[in-house]
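Here is a short round of questions on one chain. Keep the sequence and the model open as you read.

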Amino acid sequence: MSLTVDLRVASNGRLVLPKAMRDAMGLHGDAKVVATIDGDEVRLTPVHHGARRAQELYRAHVKSPRSVDDFLRERREEADRDEGRATSDDVDAPAS
């Protein structure tokens with residue numbers, strides 16, 4: 001979708017994004033955007049779009065099917081072993 005609107009910048013530097021633009025960008029209520037200057041152009045990107053894009057890139061390049069929960073569980077178990085505490089695997093393991 002392409003939307004072009006002439007905007008007025010006030011003397012104090014403020015400008016207002018019209019409702020149609022905010023709706024097109026998915027901005028509701030108080031929202032944050034990232035402003036990027038490229039030459040004489042300014043690009044506004046909603047912060048939540050950047051997070052979503054980062055997640056998409058991660059998923060496209062991830063080499064392991066492990067989840068964050070898997071990673072955190074492994075780190076906790078590693079810390080427990082380093083401190084000499086039993087892990088859930090040690091407790092659930094049958095006695096020899």
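**Strands, helices and salt bridges**

Q: How many residues of E1 are buried?
A: This is a predicted model, and E1 spans residues 33-38. Buried means under 20% relative accessible area. E1 has 6 residues and lies largely in the open, because the number of them that are buried is 0.

Q: Which element of the chain has the lowest mean pLDDT, and which the highest?
A: The mean pLDDT of the chain is 83, and 86% of its residues reach 70 or more. Where pLDDT is low, the predicted coordinates should not be read in detail. The lowest mean, 55, belongs to helix H4 (residues 88-92), and the highest, 91, to strand E1.

Q: What pattern does the chain follow along the sequence?
A: The secondary structure comes to 4 helices and 2 strands. Read along the sequence, these elements give α-β-β-α-α-α.

Q: In which sense do E1 and E2 pair, parallel or antiparallel?
A: Strand E2 covers residues 41-46. Val 33 stands opposite Pro 46 in E2. Thr 36 stands opposite Arg 43 in E2. Over 6 bridges, the sense of the pairing of E1 and E2 is antiparallel.

Q: Which residue in the hairpin of E1 and E2 takes a positive phi?
A: The hairpin has 2 residues between the strands. A phi near 65° is found there, and the residue that takes it is Gly 39.

Q: What percentage of the residues in the chain is buried?
A: The chain exposes about 8,600 Å², and carbon and sulfur atoms supply 52% of that area. Among contacts with a separation of 6 or more, residues 24 or more positions apart account for 4%. Of the 96 residues in the chain, the buried share is 8%.

Q: Which residues make the nonpolar surface patch?
A: The patch has an area of about 380 Å². One of its members, Val 5, sits in the segment before helix H1 (19-25). Val 5 counts as partly exposed, because its relative accessible area is 34%. The patch is made by Leu 3, Val 5, Leu 7, Val 9 and Leu 15.

Q: Is Leu 17 buried or exposed?
A: Leu 17 lies in the segment before H1. Its C-alpha atom is separated by 9.1 Å from that of Val 5, 12 residues apart along the chain. The cut-off for buried is under 20% relative accessible area. Leu 17 has 16%, so Leu 17 is buried.

Q: Which residues is Leu 17 in contact with, leaving aside neighbours within four places in sequence?
A: Leu 17 is buried, with a relative accessible area of 16%. One of its contacts, Leu 7, also belongs to the nonpolar surface patch. The contacts of Leu 17 are Leu 7, Arg 22, Met 25, Leu 27 and Leu 44.

Q: How far apart are the closest N and O atoms of Arg 73 and Asp 70?
A: Side chains of opposite charge can pair when their charged atoms come close. Arg 73 and Asp 70 both lie in helix H3 (residues 68-82), 3 residues apart, about one turn of the helix. They form a salt bridge, and the closest N and O atoms are apart by 3.3 Å.

Q: Which residue meets Arg 73 in a salt bridge at 3.9 Å, N to O?
A: Arg 73 is partly exposed at 39% relative accessible area. Its partner also lies in helix H3, 4 residues apart, about one turn of the helix. That partner counts as buried, because its relative accessibility is 12%. The residue is Glu 77.

Q: Which residues are linked in a network of salt bridges?
A: The structure holds 5 salt bridges. Arg 73 forms one with Asp 70, and another with Glu 77. At 23% relative accessibility, Asp 70 counts as partly exposed. The linked residues are Asp 70, Arg 73 and Glu 77.

Q: Which residue forms a salt bridge with Glu 74?
A: Glu 74 is partly exposed, with a relative accessible area of 24%. Its partner is partly exposed too, at 35% relative accessibility. The closest N and O atoms are 4.0 Å apart, and the partner is Arg 75.

Note on methods. Residues numbered from 1 in each chain as written. Predicted model: local features only at pLDDT ≥ 70, side-chain atom pairs only at ≥ 80, totals over all residues. Heavy atoms only, no water. pLDDT = per-residue confidence, 0-100. Buried < 20%, exposed > 50% of the residue type's maximum accessible area, 1.4 Å probe, protein only. Pairing = 2+ DSSP bridges. Patch = residues over 30% accessible without salt bridge, like charges linked within 9 Å, V, L, I, M, F, W, Y side chains within 5 Å. Areas by Shrake-Rupley, 256 points an atom, 1.4 Å probe, with all protein chains shown as cover. Salt bridge = Lys/Arg side-chain N within 4 Å of Asp/Glu carboxyl O. Contact = heavy atoms within 4.5 Å.
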